[in-house]
Amino acid sequence: MASICVVLEHGRTGISKASLEALGEARRQAGDGQVTAVIIGKGLDEAAALAGRMGADRVLVADDDRFAEFNLEAHEHALSQALVDVKADFLFMPVSTHTRELSSRMAMSLGSGLAVDVTAIEEKEGRLHFTRPIFAGKALETVTLEGRPAIATLRPNLFQPMEEDAGRSADISAIGLSDLEGLRTLVKEAVAAAIDKVPLGEAQIIVSGGRGMKGPENYRILEELAGLLGAAVGASRAAVDAGWRPHADQVGQTGKTVSPVLYIACGISGAIQHLAGMSSSRFIVAINKDPEAPIFKVADYGIVGDLFEVVPLLTEEFRKALG
Amino acid sequence: MDFQLSEEQNILREMVRDFARREIDPVAAAGDLEHRFPRETLSKAAKLGLMGITVPADYGGSGMDFLSYVLILEEIARSCASTAVILSVHNTLACGSIHKFGDEEQKRAWLPPAASGESLGAYMLTEPGAGSDAASLSCRAERHGEGWRINGSKAFISNGGQAGFGILYARTGPGEDSDGISAFILDMKTPGVIPGPEEAKMGLNASSTVMVNLEDVLLPENALLGKEGRGFPLALDMLNYGRIGIAAQALGMAEAALEESLKYGREREQFGRPISEFQSIQEKLTNMHMDVEAARLLTYKAAAAAVRGEKIILAAATAKLFASKAAVRCAEEAVQIHGGYGYIKEYKVERIFRDARVTEIYEGTSEVQRLVMARQLLDM
Amino acid sequence: MKIAVMVKQVADTAARIALLPDGSAVNYEGVQLVLNPYDEFAVEEAIKLKEAGGGEVVLFNLGPDSADEALKTALAMGADRAVVLRDPELGQADASVRAEILAAMIAREEFDIIFCGKQSVDSDTHQVGPAVAEKLGMPAVTFINAFSLEGNKATVSREAEGVAETLEITLPALFTCTKGLNEPRYPSLPGIMQAARKPKEVLSLADLGIQPEAKVKRQGLGSPPPRAEGRMLTGETDEKVKELVRLLRDEAHAI
């Protein structure tokens with residue numbers, strides 16, 4: 001039984017999904033202990049109520065224009081103030097660019113341990129053990145944390161949020177803030193980033209099309225899927241030789257060698273030259289009409305089917321899952 | 001015996017490997033297909049100090065030792081043998097000759113623009129009628145006032161079509177043998193210096209190889225490099241260093257052939273398994289590995305001896321002969337391992353096969369190397 | 001302008017990472033060690049600033065003796081001198097300990113700007129930069145991909161989950177650097193030669209007068225689960241697609 005505090009990130013569209021996952025995990029680990037949510041932002045009434053329904057016993061809010069955009073200095077100040085009032089064993093946050101810097105500074109300020117990008121939490125002999133990837137996931141370390149509250153940032157899409165309980169409500173109060181004068185950080189602008197074409201060699205997700213695409217105009221459906229996933233679009237040699245895609249998009253022995261987290265091969269047979277270029281992808285999905293296509297031998301997940309049917313359905317399904 | 005490289009040499013190798021991977025790899029195949037001289041690569045290389053590697057800092061060079069230079073050539077050759085030979089001829093034969101045998105005035109005049117990459121160097125010894133028998137060269141340099149008038153033809157001149165300066169060997173004395181040959185520093189823009197069209201070669205297609213005709217070329221007195229009539233020993237001396245450079249180039253090619261073959265062997269499957277699991281392929285790969293290791297050791301040993309200022313004639317010839325034969329063997333096996341793909345220009349080993357062959361020929365054929373080695377071994 | 005750059009030597013990202021037979025630590029034998037790739041952006045930005053407005057670029061490194069090679073690479077790029085702390089005991093030090101030590105090393109002089117890479121590619125904590133800034137009481141921005149300076153204010157950009165932010169920071173401040181900030185230069189040959197002659201100050205914990213305590217204790221080390229055999233999905237097309245997305249999200253955690 002522990003007392004856990006959770007920072008819920010509140011952006012333009014409310015509390016992030018990853019924040020609710022962290023809250024759910026805090027609830028699970030706390031058992032009968034107290035779970036306190038901290039929300040710093042602007043226009044937080046709905047969010048505070050949701051936090052209660054999603055597992056928080058108590059919610060501390062700093063609701064102010066000054067917190068409308070993330071300002072590390074201001075947010076750190078508010079969080080520190082919130083913690084004055086809370087005797088927490090742990091402080092959880094979802095992993096994000098903002099929480100990475102926030103948690104690092106808080107850990108130093110509190111003099112406690114920080115586990116970053118946690119993928120599993122287990123209780124052993126009365127202590128919480130946090131597992132996290134190192135060396136880009138080539139190894140995993142498990143650690144315990146000193147200092148209270150110790151901090152853990154949780155990887156998104158791994159932990160489960162609680163089932164929303166309409167009957168549940170939390171005790172909501174405002175964080176006592178002192179003057180925020182003398183900030184040396186000024187947010188001048190925060191706008192949705194233009195979606196630049198992700199370079200093939202650096203993409204974490206690649207959607208690739210081969211001879212099965214039947215023509216250059218059909219790559220449109222891959223581009224739509226890629227846009228949704230923030231992915232790059234690749235091509236097999238057959239497609240490039242046919243003039244459907246530029247050579248710069250070619251994945252394979254005589255094109256680019258890529259190693260994304262996810263490689264979705266559509267209408268690609270899987271000739272060795274192509275495999276040479278993508279076989280070190282973490283996960284490979286193959287979509288092909290031919291059940292004997294060699295690509296299925298290296299795929300983690302395979303769908304035998306018409307890509308013109310499968311890909312649009314996939315795009316829709318992803319849209320629902322990521323929404 | 002310490003087989004470790006120094007920290008600087010490790011950093012150096014890392015840097016050049018990085019440079020070669022990012023700047024040379026992407027353009028090497030096209031350079032070969034289109035016979036395109038790598039001007040842009042050379043100018044980037046110049047910014048890093050790669051055009052005056054062993055030239056002292058006082059003359060605008062990088063002041064590195066010969067072993068470091070060999071490491072650089074090896075890494076460049078892994079990516080592109082043409083770029084490597086351009087650098088080798090420029091650095092060792094052209095700059096090296098002036099650095100070792102030039103007087104202060106000549107060094108000050110020629111080394112800085114060479115080291116900065118402004119002026120590319122060539123080496124003009126071989127003639128249509130004088131190859132292995134270089135001493136029988138017939139290009140003549142007659143006294144003309146205070147200076148000289150040169151007439152003759154030079155053949156197979158690397159960098160010749162792109163050079164700003166060159167080391168020229170011509171006969172100043174009577175007789176037809178090694179006595180009476182002098183070395184000159186030639187400004188390629190001198191009237192009468194007529195480079196011919198680019199030779200269409202089997203390989204090293206991104207490099208420049210031309211005949212150079214010299215018609216009444218007038219050179220000032222201070223163009224003479226070293227002592228009059230004592231040019232041939234100068235040529236032989238420089239060729240020792242040049243040979244180690246070629247050994248490094250061959251080594252890089254052999255390594256590239258092996259690297260490509262290991263990759264292909266792991267990925268290509270036939271009869272349900274990667275072909276690298278078959279004994280006949282393993283025989284080839286292991287032979288290539290031994291060739292590469294031995295070539296590397298011979299090359300580094302010769303370079304280390306050069307750094308210590310020891311006599312290098314035997315070590316240089318040994319390294320050149322072995323490394324060039326190793327490169328040819330490795331290239332051949334690499335093509336065979338790749339099967340049909342080894343015959344297709346899209347695959348690197350096809351180019352390595354064509355590039356490697358000349359290493360047994362230039363800067364002294366394998367037969368000449370044996371001659372040199374035999375004389376050293378038998379104290380003749 | 002005095003600029004500090006924290007640099008670290010790490011395993012090359014292409015290296016195969018294996019554990020020692022007893023699972024106690026990562027096996028570094030035969031592993032190529034390099035300057036942390038993200039630190040290259042930090043070093044480059046510092047040198048660019050120096051070239052534009054004068055000043056000094058000082059490297060800070062905490063690590064084993066072998067880290068000298070990474071240091072020399074950064075010196076060869078154009079940094080002026082290095083301050084290092086070598087203590088074999090600190091090999092497995094957690095990020096908070098590293099940050100405390102580096103902060104103490106940096107605090108000995110007055111710097112206008114501190115740069116470092118956004119993360120070191122071994123521990124992947126992204127922590128040391130902001131933690132050092134906290135210890136030194138200065139503002140910090142992480143993941144910057146653009147930087148400009150006007151007087152004592154820096155204007156930086158960075159992307160956070162699809163939002164492009166532009167921030168103005170009053171110096172002294174710390175910035176962690178990511179790809180896109182600049183194109184790190186290759187160390188030139190003369191640079192490599194000069195690096196050996198640049199001053200390197202070696203400190204000990206006693207010099208700093210601190211005794212940092214570990215806040216993170218490693219209990220175990222493991223390898224990720226092996227790749228499972230490929231699965232052909234079954235059912236109607238829409239069922240297969242739903243299942244695929246579910247698997248990618250919940251099993252593979254690929255999205």
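**Three chains and how they touch**

Okay, let's start with a contact: four residues of chain A meet four residues of chain B, where "in contact" is for two residues whose C-beta atoms, placed from the backbone, lie within 7 Å. On the chain A side that's three nonpolar residues, one polar and no charged ones. For those classes, Ala, Val, Leu, Ile, Met, Phe, Trp, Tyr, Cys and Pro are nonpolar, Asp, Glu, Lys and Arg are charged, and the others, Gly among them, are polar.

Some housekeeping. This is a predicted model, where local features need pLDDT of at least 70 and side-chain atom pairs count only at pLDDT 80 or more, while totals for chains, interfaces and linings use all residues. Residues are numbered from 1 along each chain as its sequence is written, and chains are lettered from A, ligands numbered from 1, in the order in which they are written.

Now chain A itself. You'll find nine helices and 18 strands there; these are DSSP runs numbered from the N terminus, helices being H or I with at least four residues and strands E with at least two. The C-alpha trace of chain A spans about 65 × 50 × 40 Å along its principal axes. Of its 323 residues, 51% are buried, as in 20 or more other C-beta atoms within 10 Å of a residue's own (12 or fewer is exposed, in between is partly exposed, and C-beta atoms are placed from the backbone).

Next, a sheet in chain A. Seven strands make an open, parallel sheet in the order 7-11-6-1-4-5-12, and strands pair if DSSP finds at least two bridges between them. Strand 7 (114-118) and strand 12 (171-174) of chain A are the edges, each with a single partner strand, so each has one side without a neighbour in the sheet. From one strand to the next, the twist averages 20°. Inside the sheet, strand 1 (residues 4-8) and strand 6 (residues 90-94) of chain A run parallel, joined by three bridges; Val6(A), for one, has Phe92(A) in strand 6 as its bridge partner. Helix 4 of chain A packs on this sheet, touching strands 1, 6, 7 and 11 (150-154), and its direction makes about 170° with that of strand 11. Angles here run from 0 to 180 degrees between N-to-C directions, and axes are lines fitted to C-alpha atoms, for helices over the stretch in contact.

What does helix 4 of chain A meet in helix 4 of chain C? Glu101(A), Ser104(A), Arg105(A), Ala107(A), Met108(A) and Ser109(A) meet Pro130(C), Ala131(C), Ala133(C), Glu134(C) and Lys135(C). By class, that contact divides into five nonpolar, two polar and four charged residues. The two helices, residues 97-110 in chain A and 128-136 in chain C, pack at about 45° with axes 8 Å apart.

Zooming out, 63 residues of chain C are in contact with 68 residues of chain A. Helix 7 (237-251) is one of the contributing elements of chain C, and helix 7 gives the most to that side, with ten residues. The chain C side holds 30 nonpolar, 17 polar and 16 charged residues.

There's strand pairing across the chains too: strand 10 (residues 139-145) of chain A and strand 14 of chain C pair in the antiparallel sense over six bridges. In that pairing, Val143(A) has Arg218(C) as its bridge partner.
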